[in-house]
Amino acid sequence: MRNESRRILAAFVLTGAAWLAPAPLEAQGKKVYISVDMEGIAGVNGDDQTSPGGAEYGRARKLMAEDANAAIRGAFEGGATDVLVNDSHGGQRNLLPEDLDPRARLISHTFKRYGMMEGLDETFDAILFVGYHAKADAPRGLFAHTGSGVVRDVQVNGRSVGEGGLNAVLAAWFGVPVVAVSGDDVAVEEVKSAVPGVRGAVVKRAINMRAVELRPLVDARRDIQSAAREGVKASTKPAPGRLPRYQVRMQFRNFTIPEVASAFSEMTVVAPDTVEFSRATMPEAYRLVRVLYRYINPD
Ligand SMILES: [Zn+2]
(Lines give C-alpha, C1' and ligand atoms only; values in the text may rest on other atoms or scores of the structure.)
Protein backbone atom coordinates (compact mmCIF):
# COMPACT_ATOMS: atom_id res chain seq x y z
CA MET A 1 0.00 0.00 0.00
CA ARG A 2 1.35 3.42 -0.92
CA ASN A 3 1.95 6.04 1.78
CA GLU A 4 -0.85 8.23 0.43
CA SER A 5 -3.38 5.39 0.66
CA ARG A 6 -2.19 4.52 4.15
CA ARG A 7 -2.84 8.10 5.27
CA ILE A 8 -6.35 8.06 3.80
CA LEU A 9 -7.11 4.71 5.47
CA ALA A 10 -5.77 5.95 8.83
CA ALA A 11 -7.95 9.06 8.62
CA PHE A 12 -10.97 6.91 7.83
CA VAL A 13 -10.30 4.57 10.77
CA LEU A 14 -9.87 7.49 13.16
CA THR A 15 -13.10 9.16 12.03
CA GLY A 16 -14.92 5.86 12.30
CA ALA A 17 -13.54 5.28 15.79
CA ALA A 18 -14.68 8.73 16.92
CA TRP A 19 -18.14 8.08 15.55
CA LEU A 20 -18.39 4.73 17.33
CA ALA A 21 -16.99 5.99 20.65
CA PRO A 22 -19.55 6.50 23.43
CA ALA A 23 -20.89 10.03 23.84
CA PRO A 24 -19.36 12.09 26.66
CA LEU A 25 -20.96 11.53 30.07
CA GLU A 26 -22.86 14.84 30.17
CA ALA A 27 -24.62 13.99 26.93
CA GLN A 28 -25.65 10.57 28.27
CA GLY A 29 -27.46 12.02 31.27
CA LYS A 30 -27.80 10.43 34.66
CA LYS A 31 -29.10 7.06 35.74
CA VAL A 32 -31.30 7.42 38.82
CA TYR A 33 -32.55 4.78 41.27
CA ILE A 34 -35.72 5.40 43.31
CA SER A 35 -36.73 3.23 46.28
CA VAL A 36 -40.38 3.84 47.24
CA ASP A 37 -41.80 2.80 50.62
CA MET A 38 -45.37 3.55 51.70
CA GLU A 39 -45.52 4.65 55.35
CA GLY A 40 -43.90 8.01 54.61
CA ILE A 41 -46.04 8.86 51.59
CA ALA A 42 -47.90 12.19 51.60
CA GLY A 43 -51.46 11.65 52.81
CA VAL A 44 -50.91 8.14 54.21
CA ASN A 45 -52.04 8.14 57.83
CA GLY A 46 -53.41 4.78 59.01
CA ASP A 47 -52.99 1.00 59.21
CA ASP A 48 -55.97 0.39 56.93
CA GLN A 49 -53.94 1.92 54.08
CA THR A 50 -50.65 0.04 54.17
CA SER A 51 -51.56 -3.57 53.41
CA PRO A 52 -53.68 -5.28 50.78
CA GLY A 53 -57.11 -5.99 52.21
CA GLY A 54 -57.15 -2.76 54.21
CA ALA A 55 -60.21 -0.67 53.43
CA GLU A 56 -58.10 2.31 52.33
CA TYR A 57 -55.30 0.39 50.57
CA GLY A 58 -56.48 1.26 47.07
CA ARG A 59 -56.31 4.97 47.86
CA ALA A 60 -52.87 4.64 49.44
CA ARG A 61 -51.28 2.95 46.45
CA LYS A 62 -52.53 5.83 44.28
CA LEU A 63 -50.98 8.30 46.74
CA MET A 64 -47.76 6.26 46.61
CA ALA A 65 -47.68 6.55 42.81
CA GLU A 66 -48.19 10.33 43.04
CA ASP A 67 -45.13 10.77 45.29
CA ALA A 68 -43.11 8.41 43.10
CA ASN A 69 -44.13 10.42 40.04
CA ALA A 70 -43.11 13.69 41.72
CA ALA A 71 -39.65 12.16 42.31
CA ILE A 72 -39.47 10.85 38.73
CA ARG A 73 -40.38 14.29 37.32
CA GLY A 74 -37.75 15.90 39.51
CA ALA A 75 -35.14 13.34 38.48
CA PHE A 76 -35.70 14.00 34.77
CA GLU A 77 -35.67 17.78 35.35
CA GLY A 78 -32.36 17.33 37.18
CA GLY A 79 -30.73 15.58 34.23
CA ALA A 80 -31.78 11.93 34.46
CA THR A 81 -32.26 10.02 31.23
CA ASP A 82 -32.89 6.64 32.85
CA VAL A 83 -34.96 6.06 36.01
CA LEU A 84 -35.50 2.75 37.78
CA VAL A 85 -38.20 2.57 40.49
CA ASN A 86 -38.12 -0.24 43.06
CA ASP A 87 -41.37 -0.89 44.96
CA SER A 88 -40.05 -1.22 48.52
CA HIS A 89 -43.10 -1.71 50.74
CA GLY A 90 -44.54 -4.94 52.19
CA GLY A 91 -45.28 -7.36 49.36
CA GLN A 92 -43.66 -4.79 47.06
CA ARG A 93 -46.47 -4.96 44.51
CA ASN A 94 -48.15 -1.73 45.49
CA LEU A 95 -47.28 0.52 42.56
CA LEU A 96 -49.45 -0.06 39.52
CA PRO A 97 -47.49 0.38 36.31
CA GLU A 98 -50.43 2.20 34.73
CA ASP A 99 -50.23 4.87 37.46
CA LEU A 100 -46.51 5.43 37.06
CA ASP A 101 -44.79 8.02 34.87
CA PRO A 102 -44.22 6.04 31.64
CA ARG A 103 -40.58 7.12 31.46
CA ALA A 104 -39.65 4.97 34.48
CA ARG A 105 -39.00 1.21 34.74
CA LEU A 106 -40.49 -0.64 37.75
CA ILE A 107 -39.23 -3.56 39.87
CA SER A 108 -42.11 -5.36 41.56
CA HIS A 109 -42.57 -8.22 44.08
CA THR A 110 -40.87 -8.92 47.39
CA PHE A 111 -38.97 -12.12 46.56
CA LYS A 112 -35.70 -10.26 46.08
CA ARG A 113 -32.21 -10.71 47.42
CA TYR A 114 -31.81 -6.99 48.05
CA GLY A 115 -35.36 -5.98 48.98
CA MET A 116 -35.67 -2.19 49.11
CA MET A 117 -32.44 -1.84 47.09
CA GLU A 118 -32.96 -4.53 44.45
CA GLY A 119 -31.51 -3.57 41.09
CA LEU A 120 -28.98 -1.07 42.42
CA ASP A 121 -25.43 -1.37 41.11
CA GLU A 122 -22.42 0.86 40.56
CA THR A 123 -23.74 2.15 37.20
CA PHE A 124 -26.25 4.49 38.89
CA ASP A 125 -25.49 8.18 39.51
CA ALA A 126 -27.96 9.02 42.27
CA ILE A 127 -30.51 7.47 44.65
CA LEU A 128 -33.81 8.88 45.94
CA PHE A 129 -35.68 7.46 48.96
CA VAL A 130 -39.42 8.18 48.74
CA GLY A 131 -42.03 7.53 51.45
CA TYR A 132 -39.54 6.46 54.13
CA HIS A 133 -40.36 6.08 57.85
CA ALA A 134 -38.51 6.19 61.18
CA LYS A 135 -36.64 3.20 62.61
CA ALA A 136 -37.96 0.74 65.18
CA ASP A 137 -38.47 2.19 68.67
CA ALA A 138 -37.96 5.79 67.55
CA PRO A 139 -39.83 7.66 70.29
CA ARG A 140 -41.84 9.57 67.69
CA GLY A 141 -42.32 8.60 64.06
CA LEU A 142 -45.35 7.43 62.12
CA PHE A 143 -45.34 3.63 61.61
CA ALA A 144 -41.79 3.45 63.08
CA HIS A 145 -40.20 0.04 62.41
CA THR A 146 -37.13 -1.55 60.82
CA GLY A 147 -37.67 -4.16 58.13
CA SER A 148 -40.64 -5.78 59.81
CA GLY A 149 -42.38 -5.76 63.16
CA VAL A 150 -40.06 -8.43 64.64
CA VAL A 151 -36.94 -6.22 64.77
CA ARG A 152 -36.07 -4.07 67.77
CA ASP A 153 -32.75 -2.77 66.43
CA VAL A 154 -30.14 -3.30 63.74
CA GLN A 155 -26.54 -2.19 64.17
CA VAL A 156 -23.88 -2.14 61.48
CA ASN A 157 -20.36 -1.81 62.85
CA GLY A 158 -21.75 -0.56 66.14
CA ARG A 159 -24.10 2.04 64.68
CA SER A 160 -27.88 1.68 65.01
CA VAL A 161 -29.60 2.08 61.64
CA GLY A 162 -33.16 2.20 60.34
CA GLU A 163 -34.13 1.15 56.83
CA GLY A 164 -32.82 4.43 55.37
CA GLY A 165 -29.50 4.13 57.22
CA LEU A 166 -29.03 0.47 56.27
CA ASN A 167 -29.85 1.18 52.61
CA ALA A 168 -27.42 4.12 52.66
CA VAL A 169 -24.56 1.82 53.77
CA LEU A 170 -25.31 -0.45 50.79
CA ALA A 171 -25.48 2.60 48.49
CA ALA A 172 -22.06 3.71 49.76
CA TRP A 173 -20.66 0.27 48.98
CA PHE A 174 -21.64 0.79 45.31
CA GLY A 175 -20.40 4.40 45.33
CA VAL A 176 -23.83 5.83 44.50
CA PRO A 177 -24.89 8.89 46.52
CA VAL A 178 -28.29 9.11 48.26
CA VAL A 179 -29.33 12.65 47.25
CA ALA A 180 -32.92 13.07 48.47
CA VAL A 181 -35.38 11.54 50.93
CA SER A 182 -39.08 12.09 51.57
CA GLY A 183 -41.15 10.98 54.54
CA ASP A 184 -42.35 12.30 57.88
CA ASP A 185 -40.14 14.74 59.76
CA VAL A 186 -38.57 11.99 61.92
CA ALA A 187 -37.64 9.80 58.95
CA VAL A 188 -36.12 12.71 57.06
CA GLU A 189 -34.02 13.73 60.09
CA GLU A 190 -32.90 10.13 60.58
CA VAL A 191 -31.66 9.80 57.00
CA LYS A 192 -30.04 13.25 57.19
CA SER A 193 -28.03 12.15 60.20
CA ALA A 194 -26.84 9.04 58.30
CA VAL A 195 -26.21 10.81 54.97
CA PRO A 196 -24.73 14.30 55.31
CA GLY A 197 -25.92 16.69 52.60
CA VAL A 198 -28.98 14.68 51.53
CA ARG A 199 -31.96 16.87 50.60
CA GLY A 200 -35.15 16.25 52.57
CA ALA A 201 -38.82 16.67 51.67
CA VAL A 202 -40.95 16.53 54.83
CA VAL A 203 -44.46 15.57 53.69
CA LYS A 204 -46.04 15.26 57.16
CA ARG A 205 -45.26 15.85 60.83
CA ALA A 206 -45.42 12.81 63.10
CA ILE A 207 -47.22 13.48 66.37
CA ASN A 208 -46.54 9.92 67.52
CA MET A 209 -46.57 6.42 65.97
CA ARG A 210 -50.20 6.81 64.90
CA ALA A 211 -51.17 10.48 64.79
CA VAL A 212 -49.88 12.80 62.12
CA GLU A 213 -50.29 16.30 60.75
CA LEU A 214 -50.54 16.02 56.95
CA ARG A 215 -49.23 18.76 54.69
CA PRO A 216 -51.36 19.73 51.69
CA LEU A 217 -50.64 17.12 49.02
CA VAL A 218 -49.77 19.65 46.35
CA ASP A 219 -47.10 21.26 48.58
CA ALA A 220 -45.66 17.91 49.63
CA ARG A 221 -45.34 16.68 46.04
CA ARG A 222 -43.82 19.97 44.92
CA ASP A 223 -41.15 19.60 47.62
CA ILE A 224 -40.41 15.99 46.60
CA GLN A 225 -40.04 17.10 43.00
CA SER A 226 -37.68 19.96 43.83
CA ALA A 227 -35.57 17.87 46.26
CA ALA A 228 -35.24 15.21 43.55
CA ARG A 229 -34.41 17.78 40.87
CA GLU A 230 -31.80 19.64 42.91
CA GLY A 231 -30.34 16.44 44.34
CA VAL A 232 -29.91 14.78 40.96
CA LYS A 233 -28.62 17.98 39.33
CA ALA A 234 -25.92 18.44 42.01
CA SER A 235 -25.02 14.75 42.34
CA THR A 236 -21.44 13.59 41.97
CA LYS A 237 -20.29 10.04 42.56
CA PRO A 238 -17.97 9.40 45.49
CA ALA A 239 -15.46 6.55 45.52
CA PRO A 240 -17.15 3.40 46.83
CA GLY A 241 -17.16 3.41 50.64
CA ARG A 242 -16.04 -0.13 51.49
CA LEU A 243 -15.03 -1.26 54.93
CA PRO A 244 -12.84 -4.33 55.52
CA ARG A 245 -15.63 -6.09 57.40
CA TYR A 246 -19.34 -5.60 58.17
CA GLN A 247 -20.27 -6.57 61.70
CA VAL A 248 -24.05 -6.80 62.15
CA ARG A 249 -25.98 -7.08 65.39
CA MET A 250 -29.73 -7.68 65.26
CA GLN A 251 -32.04 -7.54 68.25
CA PHE A 252 -35.52 -9.03 67.92
CA ARG A 253 -38.78 -8.73 69.81
CA ASN A 254 -38.80 -12.48 70.45
CA PHE A 255 -36.38 -15.29 71.36
CA THR A 256 -37.50 -17.63 68.59
CA ILE A 257 -35.81 -16.00 65.62
CA PRO A 258 -32.34 -15.94 67.25
CA GLU A 259 -32.81 -19.61 68.17
CA VAL A 260 -33.77 -20.59 64.60
CA ALA A 261 -31.06 -18.31 63.14
CA SER A 262 -28.37 -20.20 65.04
CA ALA A 263 -28.66 -22.77 62.21
CA PHE A 264 -26.37 -20.46 60.23
CA SER A 265 -22.84 -21.37 61.33
CA GLU A 266 -21.63 -17.75 61.29
CA MET A 267 -24.39 -16.62 63.64
CA THR A 268 -23.56 -15.95 67.28
CA VAL A 269 -26.46 -15.68 69.71
CA VAL A 270 -25.13 -13.01 72.10
CA ALA A 271 -28.35 -12.65 74.12
CA PRO A 272 -31.65 -14.56 73.98
CA ASP A 273 -33.10 -11.89 71.68
CA THR A 274 -29.91 -10.87 69.82
CA VAL A 275 -27.64 -12.33 67.13
CA GLU A 276 -24.35 -11.14 65.66
CA PHE A 277 -22.60 -12.04 62.44
CA SER A 278 -19.99 -10.55 60.18
CA ARG A 279 -19.47 -10.58 56.42
CA ALA A 280 -16.69 -9.34 54.17
CA THR A 281 -18.96 -7.25 51.92
CA MET A 282 -22.03 -5.10 52.51
CA PRO A 283 -24.14 -6.78 49.82
CA GLU A 284 -23.62 -10.13 51.60
CA ALA A 285 -24.44 -8.61 55.00
CA TYR A 286 -27.54 -6.89 53.58
CA ARG A 287 -28.87 -10.14 52.14
CA LEU A 288 -28.49 -11.94 55.44
CA VAL A 289 -30.20 -9.14 57.39
CA ARG A 290 -33.13 -9.51 55.02
CA VAL A 291 -33.27 -13.29 55.43
CA LEU A 292 -33.31 -12.91 59.23
CA TYR A 293 -36.22 -10.50 59.49
CA ARG A 294 -38.30 -11.64 56.53
CA TYR A 295 -37.75 -15.32 55.87
CA ILE A 296 -37.55 -16.72 59.39
CA ASN A 297 -41.10 -16.65 60.58
CA PRO A 298 -41.73 -18.87 63.60
CA ASP A 299 -45.34 -17.71 63.77
ZN1 LIG B 1 -43.03 0.00 54.23
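**Note on the zinc site and the two largest pockets**

1. The site of the zinc ion is irregular, with angles of 53 to 138 degrees among its 4 donor atoms. The model under review is predicted. The geometry fails the tetrahedral class because that class requires all angles to lie between 85 and 135 degrees.

2. The zinc ion takes its protein donors from Asp 37 (OD), from Glu 39, listed twice through OE, and from His 89 (ND1), at 2.0 to 2.6 Å. Along the sequence, the donor residues follow the spacing D-x1-E-x49-H. Asp 37 and Glu 39 are both buried.

3. The largest pocket has a volume of about 400 Å³. Its lining comprises 24 residues, and those closest to the pocket centre are Glu 39, Thr 50, His 89, Phe 143 and His 145. Two of these names, Glu 39 and His 89, also appear among the zinc donors.

4. Helix H8 (residues 282-295) contributes the largest share of the lining of the largest pocket, 3 residues. By class, that lining holds 11 polar, 7 charged and 6 nonpolar residues.

5. For the second largest pocket, the volume is about 330 Å³. It is lined by 19 residues, of which Gly 165, Ala 168, Val 169, Ala 172 and Ala 194 lie closest to its centre.

6. Strand E6 (159-161) and helix H4 (163-174) each provide at least two lining residues of the second largest pocket. H4 gives the most, with 5 residues. The class breakdown of this lining is 15 nonpolar, 3 polar and 1 charged.

Key:
Residues are numbered from 1 along each chain as its sequence is written. This is a predicted model: local features need pLDDT of at least 70, side-chain atom pairs count only at pLDDT 80 or more; totals for chains, interfaces and linings use all residues. Side-chain values use heavy atoms; hydrogens and water are left out. Donors are N, O and S atoms within 2.8 Å of the metal (3.2 Å for Na, K and Ca); water is not among the atoms, so sites may look incomplete. Four donors count as tetrahedral if all angles lie between 85 and 135 degrees; four count as square planar and six as octahedral if opposite donors are over 155 degrees apart and all others between 65 and 115; anything else is irregular. Buried means under 20% relative accessible area, exposed over 50%, partly exposed in between (1.4 Å probe, protein chains only). On a 1 Å grid over the protein atoms alone, a cavity is a set of points where a 1.4 Å probe fits but cannot get out, and a pocket is an open set with protein on both sides within 12 Å along at least five of seven lines; lining residues have an atom within 4 Å of a point. Grid points are joined across faces, edges and corners, and a volume is the space filled by probe spheres set on the points. Helices (H or I, at least four residues) and strands (E, at least two) are DSSP runs, numbered from the N terminus. Ala, Val, Leu, Ile, Met, Phe, Trp, Tyr, Cys and Pro count as nonpolar, Asp, Glu, Lys and Arg as charged, and the others, Gly among them, as polar.
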